Amino acid sequence: MSRIHLLTPRLANQIAAGEVVERPASVVKEILENSLDAGAGRIELDIEQGGVKLIRLRDDGQGIEKDDLPLALSRHATSKILNLDDLEAVESLGFRGEALASISSVSRLTLTSRTADQEAGWQVQTEGRDMVAEVSPAAHPQGSTVEVRDLFFNTPARRKFLKTEKTEFKHLEEVVKRLALSRFDVGFTLRHNQKVIHQLRPAISETEQERRISTLLSPAFIENAMKVDVSAEASGLRLWGWVALPTFSRSQADLQYFFVNGRIIRDKVVAHALRQAYQDVLYHGRHPAYVLYMELDPKLVDVNVHPTKHEVRFRETRLVHDFIFRTTHRVIADIRPEQGSEPAISGAAASHLLSAAPGQSVTQQSFEQSRMPLHQLQRDSGNAAGAGFISRATYQSDRPGAGQVRDQISAYGALHPQGDSATGMQPASMPQADDTECPPLGYAIAQLHGVFVLAQNDAGLVVVDMHAAHERVVYERMKQAYEMEGVRSQPLLVPVSMAVSSMEADCAEEQAQVFSKLGFEIARMGEETLVVRQVPVALASADISKLILDVLGDMAQFGTSQKIQQHTNELLATMACHGSVRANRQLTIPEMNALLRDMERTERSGQCNHGRPTWTQMSMNDLDSLFMRGQ
């Protein structure tokens, strides 16, 4: 019969290390977080063989007192919390006091440190079966150095699960990236096998912060990103950072960084809110890109729900979800060419477009082949919400100005006053306007194969997919009309009875007022039975039972749901698709210009209802390169 016995300190720490130390990247995360908590302003990290042979971190933080060094390598020893109240309002990255003990149990660890009021530094190592700490003097500047050698040398089974040196370093570098993004005020240096990989200075200004993001992630992200900075004083929430344009979506969710009070997290509520914000503008199967920071009262978020502290739990889930969704949704909605002077052609001319002749829709083009839209050429850094873009031509050459080009086009048009009967091309006349004022999408000059509108602006050539663009314009108008008229409901001739769980029935009862605003009348007829008596007119032909179950599932998990709105929008999008101009429909110059002006006024006009780009910009430099001008 087995007897209960106490584990040895080393074995207990090695078991704990299974949760904390998965690979070299896990070690780097823990010691980097300790340095940041210690107030370091500069951190140097030296890595050898992907971190398996050596991980050495130096910082200039406040250091550790001599008498505290042995405790630092003990389990459940920390200076960051003292009681339950501290745990419920954690502001530091680490707080459990397990990291160094766990790391030292599966490696050869040396910790050297010196505080500001000590004349010399001190060093501690753990040796022996019982991990007895030995303290000795050592020369060291203020701060700490943690040296971890031969990771998993005494647990060969764990070491067998490590990947190649390149793979392990890739994971380690990602940890450094995340923490460097979380603390712009700290300088970071990363070396691998004596080679400098990253050398980042503290980034205080917005320009410096964007430069760091560009270095760590990609220059393309910053070039295609909008700045966000929104606060809600009533709730004490603040969301700031950068969100990428929908046209910069990714094939995988590899460029998504979200920080809560400086801690990078993965949270279902946050991911759901951001996915919903982008849903109406993303190409199918694509993922948004963002670097966002949320600040809130530490008491409103529980960080003690996961061993690696990657997950958190918000105490006001619905409040956080709605704030993130509404903030990013509004910023994305405001993506459009910068509003300039009053359009030269009235938008009323576009009324002819609503009665489009039938034809084949434009074949969906590869998302990756689209060129950079005009509003990506230069971001309006002065707008805190990132709403609106400014494009100003910086190209200089001896080519004629805008007024001269208009005169030339008019001269060419005079050669064919009735249009080209073979192609149906209309005379390419341009509205007369002040040479210094040109709308962001310019003026239409021609139509190509009944599919694309060609326009000239200050930067060069604009190419518009007329069906995709008009589809978005019509869709946004239909959504606005639907919201202004309110939700019209109709009673069901035969009420729909639904079998649900008791939890779902409770949720339906609690959210009865919400369902009523959405146009539904739902009653509870038993412990696990609901009856739907009234539905919105627009959803009369939908699968009501499935829709209600999806909504209840969202409400239970996120405290809110956009499923009904999504379903309604899908129906409106289908109607807009059928109501917009088709390929091979010949448009007049005024009709083309009216479409361009409508696009400039319409939210989300950069993408059609399916997430495809609606227009692209070719600058004069782009065109010059095609013909090798200036080479």
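Start at H449: in the hairpin of β16 and β17, with three residues between the strands, H449 takes a positive phi near 55 degrees. Helices (H or I, at least four residues) and strands (E, at least two) are DSSP runs, numbered from the N terminus. The model is predicted, so local features need pLDDT of at least 70 and side-chain atom pairs count only at pLDDT 80 or more, while totals for chains, interfaces and linings use all residues. Residues are numbered from 1 along each chain as its sequence is written, and side-chain values use heavy atoms, with hydrogens and water left out.

**The β16-β17 hairpin**

Select 443-448 for β16 and 452-456 for β17; the two run antiparallel and are joined by five bridges. Strands pair if DSSP finds at least two bridges between them. At the turn end, L448 stands opposite F452 in β17. Now colour β16 by accessibility. Five of its six residues are buried, so β16 is largely enclosed by the rest of the structure. Buried means under 20% relative accessible area, exposed over 50%, and partly exposed in between (1.4 Å probe, protein chains only).

**The five-stranded sheet**

Next, select the strands β9 to β13. They form an open sheet in the order β9-β10-β13-β11-β12, with mixed pairing. Which strands stand at the edges? β9 (225-232) and β12 (263-264) do, each with a single partner strand, so one side of each is left without a neighbour in the sheet.

Begin at the β9 edge. β9 pairs with β10 in the antiparallel sense over eight bridges, and D229 stands opposite W240 in β10. The two strands form a hairpin with four residues between them, and G236 in the turn has a positive phi of about 75 degrees.

Then go to the other edge. Strand β11 (residues 256-260) is joined to β12 by two bridges, and these strands run antiparallel. To see the pairing, show V260, which stands opposite R263 in β12.

**Salt bridges**

The structure holds 32 salt bridges, each being a side-chain nitrogen of Lys or Arg within 4 Å of a carboxyl oxygen of Asp or Glu. Three are worth a stop on this route.

Stay in the sheet and show R238 and E295, whose side chains meet in a salt bridge (3.4 Å, N to O). R238 lies in strand β10 (residues 237-244) and E295 in strand β13 (residues 290-295), so the pair ties together parts that are 57 residues apart in sequence. R238 is partly exposed, at 26% relative accessible area, and E295 is also partly exposed, at 32%.

Then select helix α7 (residues 165-182), where E174 and R178 lie four residues apart, about one turn of the helix. Their side chains meet in a salt bridge (3.4 Å, N to O). E174 is partly exposed at 22%, and R178 counts as partly exposed at 25%.

For the third, select R472 and D280. Their closest N and O atoms are 3.6 Å apart, in a salt bridge. The pair links distant parts of the chain, with R472 in helix α13 (residues 466-485) and D280 in the loop between α10 (268-278) and β13, 192 residues apart. Are these two residues buried or exposed? Both R472 and D280 are buried. Extend the selection to R330, D334, E476, E603 and R604: salt bridges that share partners join these residues with D280 and R472 into one network.

**Contacts across the sequence**

Keep R472 on display and add T614. The two are 142 residues apart in sequence and 8.5 Å apart in space, C-alpha to C-alpha. T614 sits in the loop between α18 and β22 (615-619) and counts as buried, at 1% relative accessibility.

Move back along the chain to E600, in helix α18 (residues 589-601). E600 is buried, with 6% relative accessibility. Add R336 to the view: its C-alpha is 6.0 Å from that of E600, although 264 residues separate the two in sequence.

**A charged patch**

Finish at the surface with E65, D67, D68 and D117, which form a negative patch. Patches are made of residues with over 30% relative accessible area and no salt bridge; like charges are joined within 9 Å, and nonpolar side chains (Val, Leu, Ile, Met, Phe, Trp, Tyr) within 5 Å. Zoom in on D68, in the loop between β2 (54-59) and α3 (69-72). At 37% relative accessibility, D68 counts as partly exposed.

Terms used:
Accessible areas come from the Shrake-Rupley method with a 1.4 Å probe; for residues, only the protein chains shown count as cover. Lys and Arg count as positive and Asp and Glu as negative; His and the chain ends are not counted. The place of a charge is taken as NZ of Lys, CZ of Arg, CG of Asp or CD of Glu.
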